[in-house]
Amino acid sequence: MATRWGICSAGKISHDFTVALKTLPAEDHQVVAVAARKLENAQEFANKHSISRVYGSYEELARDPDIDVVYVGVIHPYHLSACKLFINAKKNVLCEKPLAMNAKEVKEILDSAKKNNVFLMEAVWTRFFPASVQIRNLLAQGEIGEVKMVRADFCVPLLHVPRSVQKDLGGGALLDLGIYCLQFISMVYNGEKPESIQASGICLETGVDESVAVILKYSKNRMATFTCSAGVQLPNDAIIAGTKSKIQVPSPMWCPTSLVVNEKVTQYPVPEPSLPLNFTNSTGMCYEAEEVRQCLLKGLKESPVMPHADSLLLAEMEDEIRQQVGVVYSQDCQ
């Protein structure tokens, strides 16, 4: 039986996720409903994607009895309210990253999921790409020896995009871009908490971060660094350096389709889209969708690849970084 998806929000990321689902067998995944705050937006989305049920409120979507899992694609200041709405309606949830604006909100969402006994996963789609799976395999096999240093960059000009620079819309380089680097580092170090974090950054007049540079120190003399910026363009690659060799992740490191190991390049292409995409390689979201399906079939309430502990750790590290840089959202004061 197919996993039946409901889509919350008719925005750009929801479009790409729905396109990604269409690359999977229809007998495994079906989009059965979409909801937006404006019914006309939901209807336009439904027409584009051939979705049968359309709702002009998220509450109506939450009441639909024929949905197995809801994809939450609203902007992140609204993740807390959207996730709790669907979780309290006993719906399984896949929520775009970051899971919430701070660790306090993440804990509230995780507690709600546990109380209601539903599946919940933060949609860190990078982690499910075949290239990322191969990275974990290489590290588990000791291919490059003991990891000593990880570096990642994600810097693209976004200052012309209102959502990226306005505090009330959740703007800031760390939550939009740096989270990809931070989760990559956390994946390499198996969700280990760093011993210390040192961060420096530049804030815009709007009060959000334009550029951030971070150094993380781990036990046993291991380190990681990353840079994120909404003001400049960088190569946006990553490297994992071990005692024997290294793994290079060419740009775009946040949705990788190739790896360089011992000077050998291996390609890991993602499915071709049936409609134009808003974000690079985002048909790769099909891999996390299939992970959700497999977890539901096994009766799991969290993914072993993106467990709840990892989501909480990411939020705690983001809180520490933002505190050092001086970024404070209204959610931090509540």
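This is a short dialogue on reading the domains, their interface and some local backbone features in a predicted model.

Student: Where do I begin with this chain? Which domains does the assignment give?

Tutor: Good place to start, and keep in mind that the model is predicted. The assignment gives domain 1 as 3–125, while domain 2 is made of 126–269 + 304–332. Notice that domain 2 is written as two segments.

Student: How far apart are the C-alpha centres of the two domains?

Tutor: The centres of domain 1 and domain 2 are separated by 25 Å. In the contact itself, domain 1 takes part with 18 residues and domain 2 with 27 residues.

Student: What area do domain 1 and domain 2 bury between them?

Tutor: First the general idea: the accessible area lost when parts come together is often used to give the size of an interface. Here domain 1 and domain 2 bury about 2,100 Å² between them, and 66% of that lies on carbon and sulfur atoms. On the domain 1 side, M101, V124 and W125 together supply 31% of the area buried against domain 2, more than any other three residues.

Student: How many salt bridges and polar contacts link the domains?

Tutor: The salt-bridge count between domain 1 and domain 2 is 0. Polar contacts are another matter: 12 residue pairs meet that rule across the interface, with both partners at pLDDT 80 or more.

Student: Which elements of domain 1 give two or more residues to the side that touches domain 2?

Tutor: Those elements are helix 5 (103–116) and strand 6 (120–123). Helix 5 gives the largest share, 5 residues. Sorted by class, this side of domain 1 has 12 nonpolar, 2 polar and 4 charged residues.

Student: What does the UniProt record place along the chain?

Tutor: The unreviewed UniProt entry places "domain: Gfo/Idh/MocA-like oxidoreductase N-terminal" at residues 4–121. In the model, that stretch is 43% helix and 22% strand, with its end C-alpha atoms 16 Å apart. A further annotation from the unreviewed entry, "domain: GFO/IDH/MocA-like oxidoreductase", covers residues 134–247. Residues 134–247 come out as 24% helix and 37% strand, and the end C-alpha atoms of this stretch are 10 Å apart.

Student: Now the backbone. Which residues does a cis peptide bond join?

Tutor: Omega is the angle to look at. One cis bond joins K97 and P98, with omega about -10°, and P98 sits in the loop between strand 5 (92–96) and helix 5. Another cis bond joins S251 and P252, where omega is about 5°. The loop holding P252 runs between strand 12 (246–249) and strand 13 (258–261).

Student: And phi? What is the value for S9?

Tutor: S9 has a positive phi, about 100°, although it is not a glycine. You will find S9 in the loop between strand 1 (3–8) and helix 1 (12–21).

Student: Back to charges. How many salt bridges are counted by the rule?

Tutor: The count comes to 14. One of them pairs R4 with D68, whose closest N and O atoms are 3.0 Å apart. This pair links distant parts of the chain, 64 residues apart: R4 belongs to strand 1, and D68 to the loop between helix 3 (58–63) and strand 4 (69–72).

How values were computed
Residues are numbered from 1 along each chain as its sequence is written. This is a predicted model: local features need pLDDT of at least 70, side-chain atom pairs count only at pLDDT 80 or more; totals for chains, interfaces and linings use all residues. Side-chain values use heavy atoms; hydrogens and water are left out. Domain bounds come from an automatic or database domain assignment. Contact means heavy atoms within 4.5 Å. Buried area is the accessible area (1.4 Å probe) that two parts lose on being put together, summed over both. A salt bridge is a side-chain nitrogen of Lys or Arg within 4 Å of a carboxyl oxygen of Asp or Glu. A polar contact is a pair of N or O atoms within 3.5 Å; within protein, one must be able to donate a hydrogen and the other to accept it, and residues adjacent in sequence count only if both atoms are side-chain atoms. Helices (H or I, at least four residues) and strands (E, at least two) are DSSP runs, numbered from the N terminus. Ala, Val, Leu, Ile, Met, Phe, Trp, Tyr, Cys and Pro count as nonpolar, Asp, Glu, Lys and Arg as charged, and the others, Gly among them, as polar. UniProt positions are given in the numbering used here, feature names are shortened, and annotations may be inferred rather than shown by experiment.
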